[in-house]
Amino acid sequence: MDETEFWQIVDRSREAADGDPEEQAELLVDRLLQLDPDAVLDFARHFEARYNRAYRWDLWGAAAVLLDGASDDAFDYFRCWLIGQGREVFEGALHDPDALADLLGAFDEEVDGDGEELGYAADEAYEQLTGVEAPDLGIASPSDEPEGTPLDLEDDAALAARYPRLWERFGTG
């Protein structure tokens, strides 16, 4: 599976779920069940590589603005959700996290921003296809600390200064 096919599967599942991340995860599992196990593992590798690429302080700060705070777990689930938004949003956010203010349409804090189930879709599909847990993907884990300059995620003034467009649209301070 190449990168284009990976993003096509993500996009089709998001569109079919009308943006609901839990439904998108279910549809993603259904789609992956149509593939052979090796292709599911390829999908998982693409997902994991992007998940690790998004382990950055600047994205964590953007998540904190969008979600009115972001714990470790919330940031993990946010990264899954960000991948689920598709290539344009994902790559745009990596290029400039503040651009999420323009890249995102309607944002419901109760539903959006949490794609935990998306992170398990490939594992679930693989296990259903093979009856065993997915093997190690052979992808290096990210470092213990996010990439980039640490941010105080509880400093509203610093977040507003760092993410002016996001803060204007989503900030609660």
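**Helix α2**

I began with the length of helix α2, residues 21-32, in this predicted model. At 1.5 Å a residue, its 12 residues should span 16 Å. I compared this with the separation of the end C-alpha atoms, which is also 16 Å, so the expected span and the model agree.

I next looked up which residues of α2 are buried. They are Pro-21, Gln-24, Ala-25, Leu-28, Val-29 and Leu-32. Viewed down the helix axis, these buried residues fall within an arc of 140°, and therefore they line one face of α2. I then turned to the face directed away from the buried side, where I found the exposed residues Glu-22 and Glu-26.

Against which elements does the buried side pack? I noted α1 (3-16), α3, α5 and α8 as the partners of the buried residues of α2.

**Largest pocket**

I recorded a volume of about 450 Å³ for the largest pocket. Its lining comprises 25 residues, of which Glu-48, Tyr-51, Gly-119, Asp-123 and Leu-137 are the closest to the pocket centre.

I then asked which helices contribute to this lining. At least two residues each are supplied by α3 (37-53), α5 (72-84) and α8. The largest share, five residues, belongs to α3. I also noted that these three helices, α3, α5 and α8, appear among the elements against which the buried residues of α2 pack.

By class, I entered 15 nonpolar, four polar and six charged residues for the lining of the largest pocket.

**Second largest pocket**

For the second largest pocket I noted about 160 Å³ of space. I listed its lining as Arg-14, Gly-19, Trp-81, Gln-85, Val-89, Leu-103, Leu-104, Gly-105, Ala-106 and Asp-112. How do these residues divide by class? I recorded five nonpolar, three polar and two charged residues.

**Val-132**

Finally, I looked up a single loop position. Val-132 lies in the loop between α8 (121-130) and α9 (156-162). Is Val-132 buried, partly exposed or exposed? Its relative accessible area is 45%. Because buried requires a value under 20% and exposed a value over 50%, with partly exposed in between, I classed Val-132 as partly exposed.

I also checked the contacts of Val-132, leaving aside residues up to four places away in sequence. On that basis, Val-132 touches Tyr-126 and Glu-127.

Key. Residues are numbered from 1 along each chain as its sequence is written. This is a predicted model: local features need pLDDT of at least 70, side-chain atom pairs count only at pLDDT 80 or more; totals for chains, interfaces and linings use all residues. Side-chain values use heavy atoms; hydrogens and water are left out. Helices (H or I, at least four residues) and strands (E, at least two) are DSSP runs, numbered from the N terminus. Buried means under 20% relative accessible area, exposed over 50%, partly exposed in between (1.4 Å probe, protein chains only). Contact means heavy atoms within 4.5 Å. On a 1 Å grid over the protein atoms alone, a cavity is a set of points where a 1.4 Å probe fits but cannot get out, and a pocket is an open set with protein on both sides within 12 Å along at least five of seven lines; lining residues have an atom within 4 Å of a point. Grid points are joined across faces, edges and corners, and a volume is the space filled by probe spheres set on the points. Ala, Val, Leu, Ile, Met, Phe, Trp, Tyr, Cys and Pro count as nonpolar, Asp, Glu, Lys and Arg as charged, and the others, Gly among them, as polar. The expected span of a helix is 1.5 Å times one less than its number of residues. The arc is that of the directions from the helix axis to the C-beta atoms.
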